[in-house]
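Dear colleague,

I am passing on the structure below, together with some notes that I hope you will read alongside it. Please look it over at your convenience.

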Amino acid sequence: MAHLTISQTPYRISLGGGGTDLPFYANERGGRLITAAINQYVKVSVARRPLDEKILIQTTDVQFANRIDDIDNELIREALRYFNINKAIQVATFTTVPTGIGLGSSSTVLIGLINALSRINNCEYSALEIAKLAYHIEREILRHSGGVQDQYIASLGGIQVMRIKESGEVSCKPLNIDEQIRIRLQNHLVLIFTGQERVSKEVIKSQEHDLTRAFEVYDEIKEIGIESDDLITNGDIVGLGMAMDRHWEIKRT
């Protein structure tokens, strides 16, 4: 049984069709998007505490707890509960970017945490199983609003075409891109931190007030995502930039 393990998990960006994985839309019309892991990460370390039975949590805050129910960080609390770890454990997270900026940070942390906890418990999960478990904890146990994009891309990595059926079934297929085109694409993408943070569940909830309009918006966004397949694989930087701009203008409405 391992006594210390460290995982590294990538954050993500959407390259077309982002948001069509949200349940209110995907459950009615099916979701389809392109999502990509990026070279920014969260690291999660999990270590057993051989000298006492306390639970130590180190994130942006530090907390010692005697019982699992006393843990303030609900993602860590429910992940530990799932793995039946309720004492003598230390969990720490380290991130290269701020949280709450639209890169799927909570899901990325949870994927890394499940990876580390499964290793320390000598459990073997596939990437898809880890994604499904993270979705279960975050969306079904904790009832956090959101879709499936964040958990699956954080676990699978790469650039994926993701489809969500009305039944909720998720399938992912890597988008095959020539290496030179991938490098060119990467060199033309710039990630900028505006200094602003937001709570995604509030944004999602606001979209559900006028479902008729929301469906129209996401129908357009889904079409942009489909168009983006060829733009990406052909290395059409200008076309992709215009599609992403159109996506954002539509989504803002």
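Which residue just after α4 takes a positive phi? It is Arg143, with a phi of about 60°. Please keep in mind throughout that this is a predicted model, and that what follows describes that model.

Helix α4 itself, residues 127-141, behaves as a regular helix should in terms of length: at 1.5 Å a residue its 15 residues should span 21 Å, and its end C-alpha atoms are 20 Å apart, which agrees. Its buried residues are Ile130, Ala131, Leu133, Ala134, Ile137, Glu138 and Arg139, a list that includes Glu138 and Arg139 alongside residues such as Leu133 and Ile137. These buried residues pack against α2 (74-82), α3 (105-120) and α5 (149-156).

Of these partners, α2 can be described in some detail. Two packed helices are described by the angle between their axes and the distance between the axes. For α2 and α4 the angle is about 120° and the axes are 11 Å apart; because angles from 65 to 115 degrees count as roughly perpendicular and those over 145 as roughly antiparallel, the two helices are classed as oblique to each other. Their crossing is right-handed. On the α2 side the residues that meet α4 are Leu75, Glu78, Ala79 and Tyr82, and on the α4 side they are Leu133, Ile137, Glu138 and Ile141.

Another of the partners, α3, has 16 residues and reaches 23 Å from its first C-alpha to its last, which is close to the 22 Å expected at 1.5 Å a residue. This helix is mostly covered, with 14 of its 16 residues buried.

Two further residues with positive phi deserve a look, given that most residues other than glycine have a negative phi. Asn122, which follows just after α3 and lies in the loop between α3 and α4, has a phi near 55°, and at 52% relative accessibility it counts as exposed. Asn84, in the loop between α2 and β5 (89-95), is likewise not a glycine and has a positive phi of about 60°; with a relative accessible area of 62%, Asn84 is exposed.

Turning to the strands, β3 (residues 55-58) and β4 pair in the antiparallel sense over 4 bridges, and they form a hairpin with 3 residues between them. Within this pairing, Ile55 stands opposite Ala65 in β4. In a regular strand the side chains alternate between the two faces of the sheet, and β4 (residues 62-65) shows this alternation: Gln63 and Ala65 point to one face and are buried, whereas Val62 and Phe64 point to the other and are not.

In strand β2 (residues 31-48) I would draw your attention to Tyr41, which at 28% relative accessibility counts as partly exposed. Although Tyr41 and Gln8 are 33 residues apart along the chain, their C-alpha atoms are separated by 6.3 Å. Leaving aside neighbours within four places in sequence, Tyr41 is in contact with Gln8, Thr9, Pro10 and Tyr11, and also with Phe94, Thr95 and Thr96.

Finally, there is the pair formed by α8 (residues 211-233) and α9 (residues 237-252). How do these two helices run relative to each other, parallel or antiparallel? Their axes come within 10 Å and cross at roughly 170°, and α8 and α9 are therefore roughly antiparallel to each other. The contact is made from α8 by Val217, Tyr218, Glu220, Ile221, Ile224, Glu227, Ser228, Leu231 and Ile232, and from α9 by Gly239, Leu240, Ala243, Arg246, His247, Ile250 and Lys251.

Two residues of α8 in this contact can be followed further. Ser228 is buried, with a relative accessible area of 1%, and, not counting residues up to four places away in sequence, it touches Leu15, Gly16, Ile34, Leu240 and Ala243. Val217, also in α8, is buried with a relative accessible area of 7%; leaving aside its neighbours within four places in sequence, it is in contact with Ile250, Lys251 and Thr253. Val217 and Thr20 are 197 residues apart in sequence and 9.7 Å apart in space, C-alpha to C-alpha.

With kind regards

Definitions and conventions. Residues are numbered from 1 along each chain as its sequence is written. This is a predicted model: local features need pLDDT of at least 70, side-chain atom pairs count only at pLDDT 80 or more; totals for chains, interfaces and linings use all residues. Side-chain values use heavy atoms; hydrogens and water are left out. The expected span of a helix is 1.5 Å times one less than its number of residues. Buried means under 20% relative accessible area, exposed over 50%, partly exposed in between (1.4 Å probe, protein chains only). Contact means heavy atoms within 4.5 Å. Two strands pair if DSSP finds at least two bridges between them. Axes are lines fitted to C-alpha atoms, for helices over the stretch in contact, and angles run from 0 to 180 degrees between N-to-C directions. Angles under 35 degrees count as roughly parallel, over 145 as roughly antiparallel, 65 to 115 as roughly perpendicular and the rest as oblique. A crossing is left-handed if the near helix is turned anticlockwise from the far one by less than a right angle, and right-handed if clockwise.
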